[in-house]
Protein chains: 2
Amino acid sequence: MILSVVGSPDSGKTTLIEKIVPILKKNGLKIVVVKHHAHGDFEFDRKGKDSWKFYESGADVVITSDKKTAMIKRTRNEYNLDIICKKYLSSYDLVLTEGFNRAGKDRIVVLNPDDDIERFKKGKILAVVCEKDVEGYKTYRHEQYEEIANLILRFLSSSLDSNF
Amino acid sequence: MILSVVGSPDSGKTTLIEKIVPILKKNGLKIVVVKHHAHGDFEFDRKGKDSWKFYESGADVVITSDKKTAMIKRTRNEYNLDIICKKYLSSYDLVLTEGFNRAGKDRIVVLNPDDDIERFKKGKILAVVCEKDVEGYKTYRHEQYEEIANLILRFLSSSLDSNF
C-alpha cells in the first residue's frame with residue numbers, strides 16, 4: 001500500500017515519518033520511504049569516492065555491502081511514483097512517501113496551525129496532524145506517534161481485507 | 001552482459017572503469033557499474049539528512065529528483081550479483097562490476113607488474129591490463145582505454161550474435 005505524508009515545508013513530515021517507522025516495523029511491516037527532492041539535485045555520495053566517480057563517468061551505479069545495497073540511476077522528470085512502485089517496490093508492505101502531493105495517493109496531511117488544507121485535498125485523507133483541530137477531519141497532535149501508527153495499521157489491515 | 005573488472009587493490013580498476021565508461025556510452029550503451037564494498041559498511045548519505053534519518057529509523061529509502069533516483073535497501077550477505085542483475089539491472093546493455101572475483105563472470109584482469117594472475121582465473125579472461133606482458137593473455141597497458149573499450153564492444157557484439 002502507498003500512503004503519502006504531505007504538508008507544507010517544515011510542518012513536521014520528516015519527524016513524523018522517522019518516529020512512526022519503528023513502531024510500524026515492530027508490527028512486522030516491511031517499509032520503504034520515498035522522498036522527492038524537489039529543489040535542484042541531490043548528492044548520493046561524496047565527491048571523489050569511487051561510486052561518485054562511476055556516476056560522473058556516465059554509468060548508473062550499484063554499491064553493495066554485507067548489509068545494504070544502494071542503486072543510483074539516471075531518471076527523467078516523468079519517472080513517477082507509480083513506475084517506481086511497480087518496478088522496484090512491490091515487495092514492501094507499505095510505501096510511505098514524503099510529499100508527492102500531486103500523485104493523489106491516500107494520505108496523512110501535516111499542517112502548521114495557520115496552514116490551509118485546501119491544496120492537500122487529493123486522494124483520501126486518513127487524518128490531519130496539527131496542533132489545532134481541523135474541522136471535518138480526524139486530527140492528531142504532532143507527537144501522537146503511537147496513535148498515528150495504529151491508524152495506519154488499521155487502514156492497512158482494512159485495505160488488505162478489501163482486496164480479498 | 002555482465003563483465004567484471006577484477007584485480008588486486010590499487011591495481012587501477014576504478015580508473016579503468018571511469019575512463020572506459022564514457023567511450024562505451026558514446027557507442028550508445030546503457031551501462032551500470034556494480035561495486036562491492038568489502039570492508040565494513042558504506043554511508044550513502046550524510047548523517048542528519050532526511051534520507052539518512054529515514055534509513056536509520058528502519059525503513060529502506062528511495063530519493064528522486066528530476067535527474068536521478070537513488071534506492072537504498074537492507075540486503076543480506078547472500079544478496080548476490082545474479083540476484084541484483086536479475087531483479088534490477090535487466091534494462092542495461094552492460095553491467096560492469098568492480099571486483100566480484102568469486103562470481104566467476106567474464107572478466108578483464110588488472111594487475112600490478114608483480115601481481116599473480118592465478119587467483120583471478122575464474123570465468124573467461126578477455127584481457128589482462130598490466131604494464132608488462134602476461135604470458136598466454138592479450139595484454140593492454142593501463143592507459144589503452146580506447147583499445148580496451150573496443151575490445152569490450154567487440155565482445156558484447158559477439159555475445160549478442162551468439163544469442164540469436
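## Helix packing of α1(A) on α2(B)

In this predicted model, α1(A) passes α2(B) in a right-handed crossing; a crossing counts as right-handed if the near helix is turned clockwise from the far one by less than a right angle, and as left-handed if anticlockwise. The helices concerned are α1 of chain A, residues 13–26, and α2 of chain B, residues 50–57, whose axes lie 8 Å apart at an angle of about 15°. The axes are lines fitted to C-alpha atoms, for helices over the stretch in contact, with angles running from 0 to 180 degrees between N-to-C directions. α1(A) and α2(B) are therefore roughly parallel to each other, the word for angles under 35 degrees, while those over 145 are roughly antiparallel, those from 65 to 115 roughly perpendicular and the rest oblique.

On the α1(A) side the contact is made by A:T14, A:I17, A:E18, A:V21 and A:P22, and on the α2(B) side by B:D50, B:K53, B:F54 and B:S57. Residues are in contact if their C-beta atoms, placed from the backbone, lie within 7 Å. Four of the residues in this contact are nonpolar, two polar and three charged. Here Ala, Val, Leu, Ile, Met, Phe, Trp, Tyr, Cys and Pro count as nonpolar, Asp, Glu, Lys and Arg as charged, and the others, Gly among them, as polar.

## The reciprocal helix pair

Helix α2 of chain A (residues 50–57) and α1(B) have axes that come within 8 Å and cross at roughly 15°. That makes α2(A) roughly parallel to α1(B). The crossing of α2(A) with α1(B) is right-handed. From α2(A), the residues A:D50, A:K53, A:F54 and A:S57 meet B:T14, B:I17, B:E18, B:V21 and B:P22 of α1(B). This contact divides into four nonpolar, two polar and three charged residues.

## Symmetry and interface

Chain B is superposed on chain A by a rotation of 180° with 0.0 Å of shift along its axis, at an RMSD of 0.0 Å. The fit is by least squares on the C-alpha atoms of residues with pLDDT of at least 70 in both copies. That is the relation of a two-fold axis. In chain B, B:M71 has the C-alpha nearest the axis, 2.6 Å from it.

Each chain contributes to the contact: 45 residues come from chain B and 45 residues from chain A. On the side of chain B that touches chain A, two or more residues are given by each of α1 (13–26), β2 (31–36), α2, β3 (60–64), β4 (68–74) and α3 (81–88). β4(B) gives the most, with seven residues. That side of chain B comprises 21 nonpolar, eleven polar and 13 charged residues. Because 100% of the interface residues of chain B are also interface residues in chain A, the copies meet through the same surface.

## Strand pairing and chain A

Strand β3 of chain A (residues 60–64) runs parallel to β2(B) and is joined to it by five bridges; strands pair if DSSP finds at least two bridges between them. Opposite A:I63 stands B:K35 of β2(B).

Chain A has four helices and eight strands, in the order β-α-β-α-β-β-α-β-β-β-β-α along the sequence. These are DSSP runs numbered from the N terminus, helices being H or I of at least four residues and strands E of at least two. The C-alpha trace of chain A spans about 55 × 40 × 25 Å along its principal axes.

## Conventions

Residues are numbered from 1 along each chain as its sequence is written, and chains are lettered from A and ligands numbered from 1 in the order in which they are written. In this predicted model, local features need pLDDT of at least 70 and side-chain atom pairs count only at pLDDT 80 or more, whereas totals for chains, interfaces and linings use all residues.

Note on methods. Contact = placed C-beta atoms within 7 Å.
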